[in-house]
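These are my notes from going through one protein model. I wrote down what I looked up, one topic at a time.

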Amino acid sequence: QHLSRCIEVQNEGVAQLKNFHLRNGRVIDRPGGCALVNGSQSTLTLEGGSLVSCESLMDQFVPPRVSLHGGPYGEVWEASGGGVAVGYGARVAIQSALFEDCGSSLYGGGVFAYQGADVVVRGTDFKQCNAAFGGGVASFSAGTQVLVAGCSIIGSDVLWSVGARIPMRQGGGLAVSYLGSADIVDSLIANHTLLDGGGAFIFVGGKKLTLSGTTVRDCVFGLVRMSATRVTPQLTVARSLFQCTRPLLLTTAGVFWGMASANYTFLDTVLDGCKGRTGAIHQMAGSFYGRNLTIRDCHTGDATSNQGAGGLTFGGYGTRLRPIAVLEDSTIERCTNGAGGAGGLHVYKASCVMRRVSISNCHSLQGAGGGGVRVGEGGRATLLAGSISRCSSTAGSGGAVLVETDGTFSAERSLLANCTAKFGGLLAVVGGNALL
């Protein structure tokens, strides 16, 4: 009685549509507002058409059906996939299409892939599609794989959008959850405004998320949010650009927030003009590897930023979850902290090795200090053949480096120069250790 779906492919059926135009598909408490593809070997190919104003909705919002950070649980298959829902081994290929104003109460405003589905989307535009988790595309559960190549996922700057019918937003562009995987190649993710982190992406317990040649810009309340449930999520970013220019400072990190055992790899990537309690990246556990990574013009300044940094923060919690970070041939420049934390890099209850890394023009404007680097409790930071220059701590200690209780900083074949502070222009050691 609630069914007004346009297309349904099941039982190894095969359908191919070219130059199609589908509008106003709508289901309630069922998946796939416009199209449902269900079951192993069931296949749908869409080429050169559009899906407009299609919805998959809950009959009513029931809070126990949705967890705050882990996303929906239980009957996830219901009310997901505003445009297309693909599940249980089915396959979908979408080429040169348009998804506009599609919405879902749970996962995947445009496309939802579930339980071993295989989805390939190329040259397609998603415009103002909304969901509680993954406004454009969502990949959920083990064996599910999504490829998005040469696409754009453009959101709405309206905070309370009408598409999802649920007072929660995570992952405006893409959601990857519960052992799902996704690859984003040569695409644009832009203009997403979210309530609870992950303006561009949400990655909760997913198996793998890879971004290559992708631009992410003008997203608010953080770009990527990562945590783990049963697996160690793997995030790989290569040849990409992240720009988040809006000055809202309410998220843990302006670009990436990694918790539990999240592992990051960043290659040949730029993080530019981002803001948060840590300006660019805050890793709380797991491993981080960056090569030819540029972090510039990233800032923080809200009242809770004393443990953050204008650029990068590696800070663990407890005794077992200590981040291990390696940076090579990278640059941190023109980053500031207006609330007493580090300007460029903060390391506490974590280890960070920097090889041929340049930190310049970074500033701590209030409080403890550490214009270039701050090494806090239990932190270990090593600088090899690198440099820290033209950094300052306006009201605190350590223009280049501040080492606090139980922290250790060491440097070999490196340059610390032209830095200023109220106490210790180049180096301030307050209960910690410095080996130069």
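**Cysteines.** I looked up the cysteine closest to cysteine 391, going by the sulfur atoms. The closest sulfur belongs to cysteine 419 and lies 4.7 Å from that of cysteine 391, which is too far for a bond. I noted that a disulfide is a covalent bond between the sulfur atoms of two cysteines. The cut-off I used for such a pair is within 2.5 Å. How many disulfides does the structure hold? The count is zero. I keep in mind that this is a predicted model.

I then checked whether these side chains are covered. Cysteine 391 has a relative accessible area of 1%, so I entered it as buried, the limit being under 20%. Cysteine 352 is also listed at 1% relative accessible area and is buried.

**The chain as a whole.** Next I looked up the overall make-up. The chain has 53 strands and zero helices. It has 436 residues, and 61% of them count as buried. The exposed area is about 15200 Å², with 50% of it supplied by carbon and sulfur atoms. I also looked at contacts between residues with a separation of 6 or more: 83% of these join residues 24 or more positions apart.

**Nonpolar cores.** In soluble globular proteins, nonpolar side chains tend to be buried together. I looked for such groups here. The largest nonpolar core has 88 residues, and those with the most contacts inside it are Leu209, Phe256 and Ile388. A second core, separate from that one, has 14 residues, including Leu36, Val76, Trp77 and Ala175.

Which residues does isoleucine 388 touch? Leaving out residues up to four places away in sequence, I found among them Ile359, Leu383, Val401, Leu416 and Cys419. Cysteine 419 is thus in contact with isoleucine 388, and its sulfur is also the closest cysteine sulfur to that of cysteine 391.

**Valine 119.** I picked one residue to follow in detail. Valine 119 lies in strand E16, which covers residues 118–122. Is valine 119 buried or exposed? Its relative accessibility is 0%, so it counts as buried. Its contacts, not counting residues up to four places away in sequence, are Val86, Val92, Val111, Ala113, Gln145, Val146 and Leu147. I also took a C-alpha distance: valine 119 and isoleucine 94 are separated by 8.0 Å, and they are 25 residues apart along the chain.

**Sheet from E4 to E18.** Strands of a sheet pair through backbone hydrogen bonds, either parallel or antiparallel. The open sheet I looked up has four strands in the order E4-E8-E14-E18, with parallel pairing. Strand E4 (26–28) and strand E18 (130–133) are the edge strands, and each pairs on one side only. From one strand to the next the twist averages 20°. Inside this sheet, strand E8 (residues 55–57) and strand E14 (residues 103–107) are joined by two bridges. Serine 56 has serine 104 of E14 opposite it.

**Sheet from E35 to E51.** Here five strands form an open sheet in the order E35-E39-E43-E47-E51, and the pairing is parallel. Strand E35 (299–300) and strand E51 (420–423) each have a single partner strand, so one side of each is left without a neighbour in the sheet. E35 pairs with strand E39 (residues 336–337) over two bridges. In that pair histidine 299 stands opposite threonine 336.

**Strand E37 and its partners.** Strand E37 (residues 324–328) pairs in the parallel sense with strand E34 (residues 287–296) over five bridges. Alanine 325 of E37 is the bridge partner of phenylalanine 288. E37 also pairs with strand E41 (residues 351–355), again parallel and over five bridges. There glutamate 328 has arginine 355 as its bridge partner.

**Strand E49.** My last entry asks why strand E49 (residues 408–412) is largely enclosed by the rest of the structure. Four of its five residues are buried, so I wrote it down as largely enclosed. E49 pairs with strand E45 (residues 380–384) in the parallel sense over five bridges, and threonine 382 has serine 410 as its bridge partner. E49 also pairs with strand E53 (residues 433–435), in the parallel sense over three bridges. In that pair the bridge partner of phenylalanine 409 is alanine 434.

How values were computed:
Residues numbered from 1 in each chain as written. Predicted model: local features only at pLDDT ≥ 70, side-chain atom pairs only at ≥ 80, totals over all residues. Heavy atoms only, no water. Buried < 20%, exposed > 50% of the residue type's maximum accessible area, 1.4 Å probe, protein only. Pairing = 2+ DSSP bridges. Axes fitted to C-alpha atoms, helices over the stretch in contact; angles between N-to-C directions. Contact = heavy atoms within 4.5 Å. Areas by Shrake-Rupley, 256 points an atom, 1.4 Å probe, with all protein chains shown as cover. Core = buried A, V, L, I, M, F, W, Y, C linked by side-chain atoms within 4.5 Å.
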